[in-house]
Amino acid sequence: MQINLVNKVNNAVPHRLRRRGSLWPVLLSVFLALLAWDMTSRLTNLPAFILPSPLQVGERFLRALSDGSLLRHTWVTFQEVVLGLIFGVTFAVFLGYLLAKSPWFERLVSPYLVASQAVPIVAIAPLLVIWFGPGMLSKVLICALIVFFPVLVNTVVGLRAVPASLRDLMRSLRASHWQVLRYLEIPATLPIFLGGLRIGATLSVIGAVVGEFVGADRGLGFLINVGRGQYDTALVFVAVFTLVALALSLYGGVALLESVLLSWQEWRRE
Amino acid sequence: MTSSLERSPSLISEATIGKQKPHEPILTVRDLSVVFPDGNGGLEALRGVTFSVWPREFVCVLGPSGSGKSTLLRVLAGLLPPTRGEVRFRCADAKGGNGLPRIGFVFQQANLMPWRTVLENITLPLELAGVNNGAARARARKLIDLVGLQGFEENWPRDLSGGMAQRVAIARALIHDPDILLLDEPFGSLDALTRERMGAELLRIWQAHQKTVIMVTHSISEALFLADRVLLLSARPGRIKLDMAVDLPRPRREEMRYTAKFGKLARRLKEAIE
Ligand SMILES: Nc1ncnc2c1ncn2[C@@H]1O[C@H](COP(=O)(O)OP(=O)(O)OP(=O)(O)O)[C@@H](O)[C@H]1O
Ligand SMILES: [Mg+2]
């Protein structure tokens, strides 16, 4: 098992290196976008509270960084996002397993699940803030709710897609339910599940910001509100870029997890 | 199986001529019927199937498509409950716990787990049985030698050819030392040449391990080349149409396929099928 884990990690490395090789076009396009932005702000001569220049945003970024406010707010949002992700995913996987195993249970629950998806998260966020207060709990719940559905769907789809022939194999070996779960269902479902997790990770960031917009005194969403109120548009930009970075690093984290756990199917992604 | 080793001449049937066997069958199937529910009365796949298999016997099951061969194997493996009749295993030293036999099943497709390496696929049955990892890997390496896959231990199944994957499946079916080996057209997806080679290899493995084998095949000559006995199923619903002993000497050689005896047995099977 140990030897093999090493093997899997080794297999994953060249893949990531190959990706890093294609980083230059990305840097180039970021540079070009900054250039276009800078040109626009120079040529149109708009006031900074409408369109700050890249330099002004950079300055504001350094100020927010040095007085510690940016890190403080980012840390709050990060916690909300990750906790929401953990709760949402845990509940989705648990319920997804029950749904996939019992058609009866699925018929019982699925009307509510479908109906719940028809309600936009923005519409129930105020309710959650009223019920659970303006603190972190309401944001974690909003994140969990928004993460829940895609992960649930992918878990059910993944479990349903476990090949019947491999189930037969496990039964012919008289595997227990627990062994079927551990040796067959979890590894077979993992690729589809991780796809759901990838979507969930970015959605969770959206959930946190929505919650913070509705009512909060901390977090990057709150920071955006503050910037808007004070016509400190550069601060809004700083907060938005930080959110993008947060979402991207979560997404990257899941992608990294995939490349390590799913090295056996690397060919699929080429 | 100690007491069953004494032989009773009165029990030697047509099936055991030329070969002395323990007098107690390892498997007894009596009046087995399987009906699949299909809305209007049910689809009868097997009807009144009765036969016995003796320890270390190599039995091939022949029959037209849809005659219930796979269904029969699935019932024997405990994957499908029979509608009527009974399946009894009688092995004094049954290893599967509560009187059940330990089963090695080789499916038509290799049916490997794509997220496990070749070695990990082969050790699966031992892992499920709680054997410690070192012992399991050591045993798997021996089987890898037996099926000729040295050097492929750490490969993923996707790197293997069809024949290699099927050999992994055979090694996996042997590793937990099963009481009985069930093979459902294991070489069905292979080309004719590989198929013959794999057949010869299977014979070698069977001789080395002295297993009881029940194998489904479509090929008359494959059945005659491998088996001690051929069971022929009729078209649906499947019934035993013929239970024929193959009294060709062992070890079997390629040249035997062209002998008069082989031809006679083949003709008898062919006539029964038509
Ligand atoms: N799970 C099932 N539900 C309903 N009908 C089934 C099921 N499995 C098999 N059958 C039917 O039972 C009959 C026998 O099927 P089986 O797969 O055992 O045939 P077979 O002899 O293995 O055929 P082949 O040589 O093509 O593999 C077929 O008519 C098939 O349609
Ligand atoms: Mg079949």
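This is a short tour of a predicted model, with suggestions for what to select at each stop.

**Stop 1: chain A as a whole**

Begin by showing chain A alone as a cartoon. You should find eleven helices and zero strands. Reading along the sequence gives the pattern α-α-α-α-α-α-α-α-α-α-α. Turn the chain around: its C-alpha atoms fill a box of roughly 75 × 50 × 30 Å along the principal axes. Of the 270 residues in chain A, 43% are buried.

**Stop 2: helix 2 of chain A**

Next, select residues 23-44 of chain A, which form helix 2. Leu23(A) belongs to this helix. With 43% relative accessibility, Leu23(A) is partly exposed, because that value lies between the 20% limit for buried and the 50% limit for exposed.

Now add the side chains of Leu23(A), Trp24(A), Val26(A), Leu27(A), Val30(A) and Leu34(A). Together these residues make a nonpolar surface patch of about 590 Å².

Stay on the helix and select Asp38(A) and Arg42(A). What joins the side chains of these two residues? They meet in a salt bridge, with 2.8 Å from N to O. Side chains of opposite charge can pair when their charged atoms come close. Both residues lie in helix 2 of chain A, four residues apart, which is about one turn of the helix.

Is Asp38(A) buried or exposed? Asp38(A) counts as buried because its relative accessibility is 18%, under the 20% cut-off. Its partner Arg42(A) is exposed, because its relative accessible area is 58%, over the 50% cut-off.

**Stop 3: Ile130(A) and Gly215(A)**

Select Ile130(A), in helix 6 (residues 121-132) of chain A. Ile130(A) is exposed, with a relative accessible area of 65%. Then select Gly215(A) and draw a line between the two C-alpha atoms. Ile130(A) and Gly215(A) are 85 residues apart in sequence, and 9.0 Å apart in space.

**Stop 4: ligand 1 and chain B**

Bring chain B back and centre the view on ligand 1. How many residues surround ligand 1? There are 14, and the closest are Ser65(B), Gly66(B), Lys69(B), Ser70(B) and Thr71(B). By class, this shell has four nonpolar, seven polar and three charged residues.

Show three side chains here, one after another:

- Ser65(B): a polar side-chain atom lies 2.5 Å from an oxygen atom of ligand 1.
- Lys69(B): an N or O atom of the side chain is 2.7 Å from an oxygen atom of the ligand.
- Ser70(B): a polar side-chain atom lies 2.7 Å from an oxygen atom of the ligand.

On its own, ligand 1 has 630 Å² of accessible area, and the protein covers 63% of it.

Colour strand 2 (43-53) and helix 1 (69-76) of chain B: each supplies at least two residues of the shell. Helix 1 gives the largest share, three residues.

**Stop 5: unusual backbone angles in chain B**

Most residues other than glycine have a negative phi, and most peptide bonds are trans. The next four selections depart from that pattern.

Asp31(B) has a phi near 50°, a positive value in a residue other than glycine. You will find Asp31(B) in strand 1 (residues 27-36). Arg56(B) also has a positive phi, about 70°, and lies in the loop between strand 2 and strand 3 (58-62).

Move on to Pro237(B), in the loop between strand 8 (229-233) and strand 9 (240-245). The peptide bond from Arg236(B) to Pro237(B) is cis, with omega near -5°. A cis peptide bond also joins Arg250(B) and Pro251(B), where omega is about 0°. Pro251(B) lies in the loop between strand 9 and helix 7 (260-273).

**Stop 6: salt bridges to finish**

Select Lys261(B) and Asp247(B), whose side chains meet in a salt bridge of 3.3 Å, N to O. This pair links distant parts of the chain: Lys261(B) is in helix 7, and Asp247(B) is in the loop between strand 9 and helix 7, 14 residues apart. For a last view, return to chain A and select Lys101(A), Arg167(A) and Glu185(A), which are joined into one network by salt bridges that share partners. Over all chains, the count of salt bridges comes to 21.

Definitions and conventions. Residues are numbered from 1 along each chain as its sequence is written. Chains are lettered from A and ligands numbered from 1 in the order in which they are written. This is a predicted model: local features need pLDDT of at least 70, side-chain atom pairs count only at pLDDT 80 or more; totals for chains, interfaces and linings use all residues. Side-chain values use heavy atoms; hydrogens and water are left out. A residue is near a molecule or strand if one of its heavy atoms lies within 4 Å of it. A polar contact is a pair of N or O atoms within 3.5 Å; within protein, one must be able to donate a hydrogen and the other to accept it, and residues adjacent in sequence count only if both atoms are side-chain atoms. Accessible areas come from the Shrake-Rupley method with a 1.4 Å probe; for residues, only the protein chains shown count as cover. Ala, Val, Leu, Ile, Met, Phe, Trp, Tyr, Cys and Pro count as nonpolar, Asp, Glu, Lys and Arg as charged, and the others, Gly among them, as polar. Patches are made of residues with over 30% relative accessible area and no salt bridge: like charges are joined within 9 Å, nonpolar side chains (Val, Leu, Ile, Met, Phe, Trp, Tyr) within 5 Å. A salt bridge is a side-chain nitrogen of Lys or Arg within 4 Å of a carboxyl oxygen of Asp or Glu. Buried means under 20% relative accessible area, exposed over 50%, partly exposed in between (1.4 Å probe, protein chains only).
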